[in-house]
Amino acid sequence: MLQPGIIPDKEPLIRVGIILPEDRYTSVSIVIPQSPAYQIDFSGRHVALEAGAELYFKYSRDSIHFSASGKSFTAPNDIHISPVQDEKQIKPGQGLLVKNVISGRDFHWKKYINAVYSGKLIIQRHKDRLMMINELPIEHYLMCVATSEMGAACPEALIEAQTITARSWMLANVEQKHVALGMDVCNDDCCQRYQGTTYLTAQSIEGALNTYGQVLIYKDKICDARYSKSCGGVMEAYENIWPGPALPYLQIKADAAEEPPEWNKPLSDENNFSAWVNSVPQTFCSPLTIPENELKQYLGSVDEDGQYFRWQEKITQPELISSLKQFRGLDVTSVLNISILERGGSGRAKKAAVDYTDSNGSSRQDILQDEYSIRRALHKKFLYSSAFTVTKMEDDSFNLKGAGWGHGAGLCQIGALGMSLKNYNSREIVLHYYPGSILKRIY
Ligand SMILES: [Zn+2]
Ligand SMILES: [Zn+2]
């Protein structure tokens, strides 16, 4: 596993959680490919696996049961399936096929996919459930991550910039959300979306090879290179989204070569922000740079008709009541008002108040303390961003007008696409989004 705060001097192996305890799996099927050759290791035994065989693992009575090469086995824990020889290079679709893996865990777009993984798969028991980890060299992981986030027509500079960002974020290893489970990251948007070699492309392999071992460094530390889909025109500062001290390379900055005239500072001011959200400035992520209906060919994970730079969302009373019950546990019968109490430099709300009536008819207030809580509480599908204005309508619904998609700190994926289409190279792109950092090859 990665060690926080340590800059590796050779390419590390990383452990990616594919099936987590919260997924509640008690069985899983894995298909062995025709090549290369694989073996299974458990309880000190090694068994060669037949090409094309499907292995079915099931948890019951404190053990994991499975059959391989026509025989049944039981292991208490820790089953490793690995290629007999280390993989020097990976190809699209190479590896072990795992059936019905969750994609979009915890989100409205959650679905089950069959995914293929290079490297080693480790099946473990966690209480009465199964867990699965994919262990592989970080550069192979990065090739796959770039593809999972990007569409096929992506310019090379964008894939390279995305790969440098993902590598830096991984190696900075600050979040460690799943470290207690022995995982460096999970396979989903909670960390970075990773679907193995399933959608791997020649381009993303190139993107990783071209930037092999390159990371962003600030004052002798690898940058915690956060990124999101669209900043909405101005990048947000780290400290306005997450707890802890500011990071100098994640700062409030226009996502443009020059500050747009529409940006009246600061956007934490309600009037300035209201004018901003109603404008369409010329920035790298603006539809003036790339029309939003053309995004799909570059960024795989966007909707065909999505509007991200500026968006509107009408939320009815019943919808809002149901979200507040579900995500805040509130006893609420009607919502009187939503007010923004504090905004960051991109206009992202970092504190908001919901005034409501409870089932006794009493007036109450719920304070949403950060960007994530605001996006989570107010919309069943998770709001695009917390940079929005609220207007209460005559029918008691709320009309939200917003900017951007995601937290807006660091690299703006749609903006980085805009830059790459304007022929900026990957180095120029990452240095734009992480000002003050340097790009360095560490292994
Ligand atoms: Zn995660
Ligand atoms: Zn942007």
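Visitor: Which residues coordinate the zinc ion (ligand 1)?
Guide: Keep in mind that this is a predicted model. Along the chain, the donors follow the spacing H-x7-C-x3-C-C. The coordination distances run from 2.1 to 2.4 Å, and the residues are His178 (NE2), Cys186 (SG), Cys190 (SG) and Cys191 (SG).

Visitor: What is the arrangement of the four donor atoms around the zinc ion (ligand 1)?
Guide: Look at the angles the donor atoms subtend, which are 104 to 120 degrees. Four donors pass the test if all angles lie between 85 and 135 degrees. That makes the arrangement around the zinc ion (ligand 1) tetrahedral.

Visitor: Is Cys191 buried or exposed?
Guide: The cut-off for buried is under 20% relative accessible area. Its chain neighbour in the site, Cys190, has 32% and so counts as partly exposed. Cys191 has 11%, so Cys191 is buried.

Visitor: Now the other metal. Which residues hold the zinc ion (ligand 2)?
Guide: Here the donor spacing in sequence is C-x23-D-x29-C-x126-C. With angles of 98 to 121 degrees among the four donor atoms, this site is tetrahedral. At 2.1 to 2.3 Å, the coordinating residues are Cys231 (SG), Asp255 (OD), Cys285 (SG) and Cys412 (SG).

Visitor: How many residues apart are Asp255 and Cys285?
Guide: Asp255 sits in the loop between strand S18 (253-254) and helix H4 (270-277), while Cys285 is in the loop between H4 and strand S19 (310-315). Asp255 counts as buried because its relative accessibility is 0%, and Cys285 does too, at 2%. The pair links distant parts of the chain, with a separation of 30 residues.

Visitor: Where is Tyr238 found, and what is its relative accessibility?
Guide: Tyr238 is in the loop between strand S17 (234-235) and S18. Leaving aside neighbours within four places in sequence, its contacts include Asp224, Arg226, Pro243 and Leu250. Tyr238 counts as buried, since its relative accessibility is 9%.

Visitor: What separates the C-alpha atoms of Tyr238 and Lys177?
Guide: Along the chain, these two are 61 residues apart. In space, their C-alpha atoms are separated by 18 Å.

Visitor: Why are the buried residues of H8 on the same side?
Guide: In helix H8 (residues 426-433), the buried ones are Ser426, Ile429, Val430, His432 and Tyr433. An α-helix has 3.6 residues a turn, so residues three or four places apart point the same way. The buried residues are on the same side of H8 because they cover an arc of only 155 degrees.

Visitor: Which residue caps the N-terminal end of H8?
Guide: Check the backbone nitrogen of Arg427, where a side-chain oxygen lies 3.2 Å away. That oxygen belongs to the capping residue, Asn425.

How values were computed: Residues numbered from 1 in each chain as written. Chains lettered and ligands numbered in written order. Predicted model: local features only at pLDDT ≥ 70, side-chain atom pairs only at ≥ 80, totals over all residues. Heavy atoms only, no water. Buried < 20%, exposed > 50% of the residue type's maximum accessible area, 1.4 Å probe, protein only. Helix = DSSP H or I, 4+ residues; strand = E, 2+ residues; numbered from the N terminus. Arc of directions from axis to C-beta. Polar contact = N/O pair within 3.5 Å; in protein donor to acceptor, adjacent residues only side chain to side chain. Donors = N, O, S within 2.8 Å, 3.2 Å for Na, K, Ca; no water. Tetrahedral: all angles 85-135°; square planar, octahedral: opposite > 155°, others 65-115°. Contact = heavy atoms within 4.5 Å.
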